[in-house]
Amino acid sequence: MTLPSTDQVWDWLHQVPDPEIPVISLTDLGIIRDVAFEGETCVVTVTPTYSGCPATSIINLDIETALRDHGLRDIELRRQLSPAWTTDWMTQEGRDKLAAYGIAPPQPAGGPDKCPHCGSHHVERLSQFGSTPCKAQWRCTDCLEPFDYFKCI
Amino acid sequence: MGAAEKLAEMTQEQLVQYLLRLGDNTLVLGHRVSEWCGKSPVLEEDIALANTALDLLGQTQLWLGRAADVQGEGKSADDLAFLRDVWDFRNVLLVELPNGDFGQTLMRQLLFDAYHAVLLAELVNSTDATISAIAEKASKEVAYHLERSRDTVIGLGDGTEESHNRMQAALDLLWPYVGEMFHSDAVDAAAVAAGIGPDPASLRPGFDAIVTAALAEATLVKPDSDFAHKGGRTGAMHTEHLGHMLCQMQWLQRAYPGNKW
Ligand SMILES: [Zn+2]
């Protein structure tokens, strides 16, 4: 078979949603570090978000399933720990999609810039941890709605 | 010395021991913290404790995975976690102590997090590339753990009379288990010579700086005595509590060997 270009593979991976926050894709999240062909084998290098993130094995399965559906047969997934994943690798498109979904995107200041519901800057932290390892719980003191904040690491 | 020559300063068995110490600390503490799942004082704390446990268990997978690789007997991280008995565990005694009340759990967490953060910052410079990479990953997670345990200990210590007294009692109970974390032996000396990791004694000033400031803000008094219970990380002696914990943690693999999720 003719092998697709790596750009094509990146494009396919861009269609694979994050299993826990399906509005963003794996490439939006910045966890796909490399795509390369070694002979006939498509090698995808993935870095975990958090070392204990239960979504890691599902993510690997989703990558393999998606690439198989596009006709690739030899697929190898490599785990890369260093450099450690940082939210700096999240794409602007990913940040916009998070905000539209109601999750405040990560900020270098360490807290959300504004309430994703009403846009108010009056927000306070409820807990450093949230419903998944990558999120914290915050609340808007104007509209009083609680919301998830994607932690900046 | 070059990296290869330095590595020769540590035997394979010593490196395995060193990695077991790292992995058993996170495994045993991760399991202890997970015991709160579903019964913490409030939902936010339940979620925070479960997330902390999850990070620690993820780190365990990496440390014990590396230990199994270096050991070269074809074992997995799971084999090491579920099929060793008490005397083969190399965690410090502090992490195997029962949870006590919520305040005691968070006091133990602060004492361990402060040590963990200072240790990982040094391990990032390890001559072993895998150790360095795991430390880099874990230190980001541990920075969060420390921020939370510190804030919570301060909130409870400088809280009501009841919460203050409980936090002081927790500190008095746990303080004799602090010294073991900074006690060096032959395995540590070999690790220093090989450039694998730091001398535990050298981590004490960094730990003291974090903990002394937190306790002062929490209006808690650090006990005077430097007496230290030891034996966990060398494997000489564990407390009676570890065996009971392992019964719970390992029973499934003991009852149904090789069973998979
Ligand atoms: Zn709002």
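Which residues is B:Leu110 in contact with, leaving aside its neighbours within four places in sequence? The exercises below concern a predicted model, and the first of them takes up this opening question.

**Exercise 1. Describe the surroundings of B:Leu110, beginning with its place in the chain and ending with its contacts.**

Step 1. B:Leu110 is located in helix α6 of chain B, a helix that runs over residues 102-123.

Step 2. The relative accessibility of B:Leu110 is 0%, and because buried means under 20%, this residue counts as buried.

Step 3. Once neighbours within four places in sequence are left aside, the residues in contact with B:Leu110 are B:Leu146, B:Ser149, B:Arg150, B:Val153 and B:Ala214, which answers the opening question.

Step 4. As a check on distance along the chain against distance in space, take B:Ala228, which is 118 residues apart from B:Leu110 along the chain, while the C-alpha atoms of the two are separated by 18 Å.

**Exercise 2. Find which residues of the largest nonpolar core touch the most other members, and which helix gives the most to this core.**

Step 1. The largest nonpolar core holds 78 residues, and those that touch the most other members are B:Met10, B:Met107, B:Leu111, B:Leu123, B:Met181 and B:Phe207.

Step 2. The helix that gives the most to this core is α6 of chain B, with 12 residues.

Step 3. For one of these residues, B:Leu111, the contacts beyond four places in sequence are B:Leu94, B:Leu174, B:Trp175, B:Val178, B:Met181, B:Phe207 and B:Val211.

Step 4. There is also a second, separate core of 33 residues, whose members include A:Ile32, A:Val35 and A:Trp85 together with B:Ala48.

Step 5. As background to both cores, nonpolar side chains in soluble globular proteins tend to be buried together.

**Exercise 3. Characterise how α6(B) packs with α10(B), giving the angle, the distance between axes, the handedness and the residues that meet.**

Step 1. Helix α10 of chain B covers residues 204-217, and it packs with α6(B) at an angle of about 145°, the two axes being 8 Å apart.

Step 2. The handedness of this crossing is right-handed.

Step 3. On the side of α6(B) the residues are B:Met107, B:Leu110, B:Leu111, B:Ala114, B:Tyr115 and B:Val118, and they meet B:Gly206, B:Phe207, B:Ile210, B:Val211, B:Ala214 and B:Leu215 of α10(B).

Step 4. Sorted by kind, the residues of this contact comprise 11 nonpolar, 1 polar and no charged.

**Exercise 4. Decide whether B:Asp188 is buried or exposed, and list the residues that it touches.**

Step 1. B:Asp188 has its place in helix α9 of chain B, which spans residues 186-193.

Step 2. With a relative accessibility of 1%, B:Asp188 counts as buried.

Step 3. Residues up to four places away in sequence being excluded, B:Asp188 touches B:Tyr18, B:Arg21, B:His183, B:Pro200 and B:Arg233.

**Exercise 5. Summarise the fold of chain A, and then describe the two spans to which UniProt assigns a domain.**

Step 1. Chain A has 4 helices and 7 strands, and along the sequence these elements follow the pattern α-α-β-β-α-β-α-β-β-β-β.

Step 2. The C-alpha trace of chain A spans about 60 × 25 × 20 Å along its principal axes, and of the 153 residues in the chain 46% are buried.

Step 3. Among the contacts in chain A with a separation of 6 or more, 55% are between residues 24 or more positions apart.

Step 4. An unreviewed UniProt entry places "domain: MIP18 family-like" at residues 7-69 of chain A; this span is 43% helix and 21% strand, with its end C-alpha atoms 17 Å apart.

Step 5. The UniProt annotation "domain: PaaD zinc beta ribbon", likewise from an unreviewed entry, covers residues 114-151 of chain A, where the content is 0% helix and 42% strand and the end C-alpha atoms lie 14 Å apart.

**Exercise 6. Locate the cis peptide bond at A:Pro83 and the positive phi values of A:Leu144 and B:Thr219.**

Step 1. Most residues other than glycine have a negative phi, and most peptide bonds are trans.

Step 2. The peptide bond from A:Ser82 to A:Pro83 is cis, with omega near -5°, and A:Pro83 lies in the loop between β3 (75-79) and α4 (92-101) of chain A.

Step 3. A:Leu144 has a positive phi near 70°; A:Leu144 lies in the loop between β6 (135-140) and β7 (146-150) of chain A, and is exposed, with a relative accessible area of 59%.

Step 4. B:Thr219 has a positive phi of about 60° and belongs to the loop between α10 and α11 (240-255) of chain B, where B:Thr219 is partly exposed at a relative accessible area of 39%.

How values were computed: Residues numbered from 1 in each chain as written. Chains lettered and ligands numbered in written order. Predicted model: local features only at pLDDT ≥ 70, side-chain atom pairs only at ≥ 80, totals over all residues. Heavy atoms only, no water. Core = buried A, V, L, I, M, F, W, Y, C linked by side-chain atoms within 4.5 Å. Buried < 20%, exposed > 50% of the residue type's maximum accessible area, 1.4 Å probe, protein only. Contact = heavy atoms within 4.5 Å. Axes fitted to C-alpha atoms, helices over the stretch in contact; angles between N-to-C directions. Left-handed = near helix turned anticlockwise from the far one by under 90°. Nonpolar A, V, L, I, M, F, W, Y, C, P; charged D, E, K, R; others polar. UniProt positions renumbered as here; feature names shortened; annotations may be inferred.
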